[in-house]
Amino acid sequence: MKLYLKFFKMHLNSQLQYRASFILSFISQFIVFFGYYFTILCLFDNFSNIKGFTLYEVLLTFSIIQFGFAFCETFFRGMDVFDELIISGNFDKLLLRPRNIMFQVFTEEMSLVRIARLLQALIILIIALVKINIDWDIYKIITVIFMLMSSILIFLGIFILAASYCFVTVKGLEVRNVFTDGGKHMAQYPIGIFKKGFKFIFTFIIPYGFVNYYPLLYILGKNNNKLFMFSPLITVLYLIPCIIVFYKGIKKYSSTG
């Protein structure tokens with residue numbers, strides 16, 4: 001953790017060398033994020049609910065997903081731009097250092113301006129939780145914490161899988177955006193509103209449903225099955241094979257030179 005904090009300070013000092021650029025980028029991230037927020041508001045200006053889910057219930061799922069995505073883009077950005085490490089040859093240098101390779105990739109780059117999105121997601125999360133009439137107890141509080149943690153883990157897993165793909169193709173292309181940006185936009189709504197095919201894919205293949213749908217049903221009192229409370233923990237099982245695939249890719253890596 002101490003080493004990670006050193007990397008964090010290094011990236012922060014580096015990005016603050018151009019403070020005006022950093023501030024403007026921070027503001028632009030703030031504005032862009034609220035563009036997604038206003039899209040949902042406009043949608044609910046015409047509809048009172050979407051398959052039984054109200055505005056603030058959708059905003060709850062929206063904030064959970066945006067939180068996890070923003071967290072990974074901020075603190076694990078190196079994995080998201082992994083193809084650039086391979087193309088530049090810098091990944092070869094990382095392999096020579098006596099540190100965990102995945103840790104080095106995580107800390108290779110951090111996009112700290114995206115903290116703006118992280119803060120916005122937390123603000124919308126708080127607003128949604130205040131506006132929704134929830135009969136709170138300790139189990140539902142824990143469920144919200146599990147949802148936030150699992151949102152981070154699922155995007156981290158997707159980033160790692162996308163990085164592993166680069167061992168085969170070198171360039172990551174746009175395949176990762178199908179499951180990161182594309183998946184994010186879809187998963188910001190309750191998965192249950194989509195058709196069965198999409199619901200199956202984004203529950204049992206990429207487990208977005210276990211992040212913000214089944215636990216949401218438990219929080220809202222639409223299903224009292226306590227197994228739904230622990231469903232976000234499935235993302236831990238999802239993350240394990242992602243890590244295994246990444247290290248198998250390293251064993252087959254023979255440099256790009």
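In which helix of the protein is confidence lowest, and in which is it highest? The model is predicted, and its mean pLDDT is 86, with 94% of the residues reaching 70 or more. Confidence is lowest in helix H10 (residues 175-179), where the mean is 66, and highest in helix H14 (residues 214-219), where the mean is 93.

Helix H8 (residues 115-131) packs against helix H3 (residues 55-75). The axes of H3 and H8 lie 8 Å apart and enclose an angle of about 160°. Because angles over 145 degrees count as roughly antiparallel, H3 and H8 are assigned to that class. The crossing of H3 and H8 is left-handed. The residues of this contact comprise 19 nonpolar, three polar and three charged.

Helix H8 also packs with helix H2 (residues 19-46), at an angle of about 40°. The axes of H2 and H8 are 8 Å apart. The arrangement of H2 and H8 is therefore oblique, since an angle of this value falls outside the ranges counted as roughly parallel (under 35 degrees), roughly perpendicular (65 to 115) and roughly antiparallel (over 145). The crossing of H2 and H8 is right-handed, whereas that of H3 and H8 is left-handed.

Helix H9 comprises 32 residues (residues 138-169). At 1.5 Å a residue, H9 should span 46 Å. The C-alpha atoms at the ends of H9 are 47 Å apart, which agrees with the expected span. The N-terminal end of H9 is capped by Asp137. In this cap, a side-chain oxygen of Asp137 lies 3.0 Å from the backbone nitrogen of Tyr139.

Notes:
Residues numbered from 1 in each chain as written. Predicted model: local features only at pLDDT ≥ 70, side-chain atom pairs only at ≥ 80, totals over all residues. Heavy atoms only, no water. Helix = DSSP H or I, 4+ residues; strand = E, 2+ residues; numbered from the N terminus. Expected span 1.5 Å × (residues − 1). Polar contact = N/O pair within 3.5 Å; in protein donor to acceptor, adjacent residues only side chain to side chain. Axes fitted to C-alpha atoms, helices over the stretch in contact; angles between N-to-C directions. Left-handed = near helix turned anticlockwise from the far one by under 90°. Nonpolar A, V, L, I, M, F, W, Y, C, P; charged D, E, K, R; others polar. pLDDT = per-residue confidence, 0-100.
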